[in-house]
Amino acid sequence: MTKLIAMFKEFKDSQVDQIKDLAHQYSYQVKMEDELLDTDDQDIAVIYGWSSDLTQERLETMPALKWIQKESAGVDAIPLSFRQKEDLLISNMSGIHAQPISEHVFAYILSHYRCMPQMAASQAQGVWSPPDPNLFRSLDDKTILVYGTGNIGIRMAQIGAVLGSRLIGVNTNGRPIEGFDQCIAFGQDKEWACRADIIINAMPLTDLNREYFDLDYFKTMKSSALFINIGRGASVKEADLHQALSDKLIESAYLDVFESEPLSEKSSLWQLDNIVITPHITGTVEHFMQESFKIFFPNLQSFLAEGVLVRNQVDPQKGY
Ligand SMILES: NC(=O)C1=CN([C@@H]2O[C@H](COP(=O)(O)OP(=O)(O)OC[C@H]3O[C@@H](n4cnc5c(N)ncnc54)[C@H](O)[C@@H]3O)[C@@H](O)[C@H]2O)C=CC1
Ligand SMILES: O=C(O)C(=O)[C@H](O)COP(=O)(O)O
């Protein structure tokens, strides 16, 4: 029987050659997405990457499937019944996004704190118009509350600390994490939510945090606070966030992820004047495929040799 490695995202040619050579040694074939016919599905043992075509129904046509190497950190797009299958290995790319996302989040914050949009608007009109000095804020002595103290959360904490901020991390049980001034448990975070100047969601989506950020939550925030979501859109009740922003319960939101993507052109979020919307790009970076090869290839070697993974295996119970 043919055993297939289905590539739903492409590496550069020399890397594909390395993958093919290795696969060949173990009698596996490598096929790119456009070479996969429906009839091949039953032979697929490994999936690299992801595609919106990989629905529950399609995955059910793959009885030989043993391992999915997602090309993202979040694995919530994989249907739950597959994420919980005992005989299916899942790995992710957590780690690669930590630097670009952190840079992007601080680009959001510093642009806001340093009045860049106001000056861009003046420049567009050819007007020399310094904003009110009181509008220029500093990160020194500000409190940043970060939900998720994993790869992304830690990198953001390191950068925030250099800029003089106090970093409070939220994780599942409040365990201390190097880089944060203090960590608290999810569920015991409201006392900091009302004191934070900036709140950032960098959690994987799980049943615990689905729609966690709702109107009650936004009501506890300071009216001068910024809310940033680079985790997953479904952790936020979008209609409630819309209300909080229109009623000026909070100052601004910076959103990279949404309940449904792409964000519909009919979404009322587009109309708000205190929001910045980016199209799920904060993790994007030039060397992404190079870095993901460094995770995938050792995993492939170990999977083919011994049926186990050595990097980034997802815990099916936790979901990340
Ligand atoms: N916007 C984008 O382009 C990207 C978004 N992401 C999102 O960010 C998430 C995190 O990525 P990494 O930091 O690489 O993951 P990671 O696995 O290194 O860290 C996840 C952290 O979240 C914490 N966590 C999980 N559930 C929690 C809960 N209910 N309450 C508090 N903390 C909780 C864990 O304790 C852990 O510290 C991804 O799962 C993905 O959803 C990741 C990459 C790119
Ligand atoms: O890694 C993640 O998680 C992300 O959100 C990526 O940056 C984009 O992932 P996909 O939405 O393409 O799975």
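An oxygen atom of ligand 2 lies 2.6 Å from a polar backbone atom of Ala 73, in what is a predicted model rather than an experimental one. Two further residues, Ser 72 and His 280, place polar side-chain atoms by oxygen atoms of this ligand, at 3.4 Å for Ser 72 and at 2.5 Å for His 280. Taken alone, ligand 2 exposes 340 Å², and the protein buries 67% of that area. The points below take the surroundings of ligand 2 and then the second largest pocket.

**Surroundings of ligand 2**

- The residues around ligand 2 are Lys 70, Ser 72, Ala 73, Gly 74, His 97, Arg 232 and His 280.
- By class, this shell is made up of four polar residues, two charged residues and one nonpolar residue.
- Ala 73 counts as nonpolar, yet the atom that Ala 73 sets 2.6 Å from a ligand oxygen is a polar atom of its backbone, whereas for His 280 the atom at 2.5 Å belongs to the side chain.

**Second largest pocket**

- The volume of the second largest pocket is about 230 Å³, and 13 residues form its lining.
- Of these lining residues, His 112, Pro 117, Gln 118, Glu 251 and Ser 252 lie nearest the centre of the pocket.
- The elements that contribute two or more residues to the lining are the helix α5 (116-124) and the strands β11 (252-255) and β12 (275-277).
- Sorted by class, the lining of the second largest pocket has six nonpolar, four polar and three charged residues.

Conventions:
Residues numbered from 1 in each chain as written. Chains lettered and ligands numbered in written order. Predicted model: local features only at pLDDT ≥ 70, side-chain atom pairs only at ≥ 80, totals over all residues. Heavy atoms only, no water. 1 Å grid on protein atoms, 1.4 Å probe; cavity = no way out; pocket = protein on both sides within 12 Å on 5 of 7 lines; lining within 4 Å. Points joined across faces, edges and corners; volume = space filled by probe spheres on them. Helix = DSSP H or I, 4+ residues; strand = E, 2+ residues; numbered from the N terminus. Near = heavy atom within 4 Å. Polar contact = N/O pair within 3.5 Å; in protein donor to acceptor, adjacent residues only side chain to side chain. Areas by Shrake-Rupley, 256 points an atom, 1.4 Å probe, with all protein chains shown as cover.
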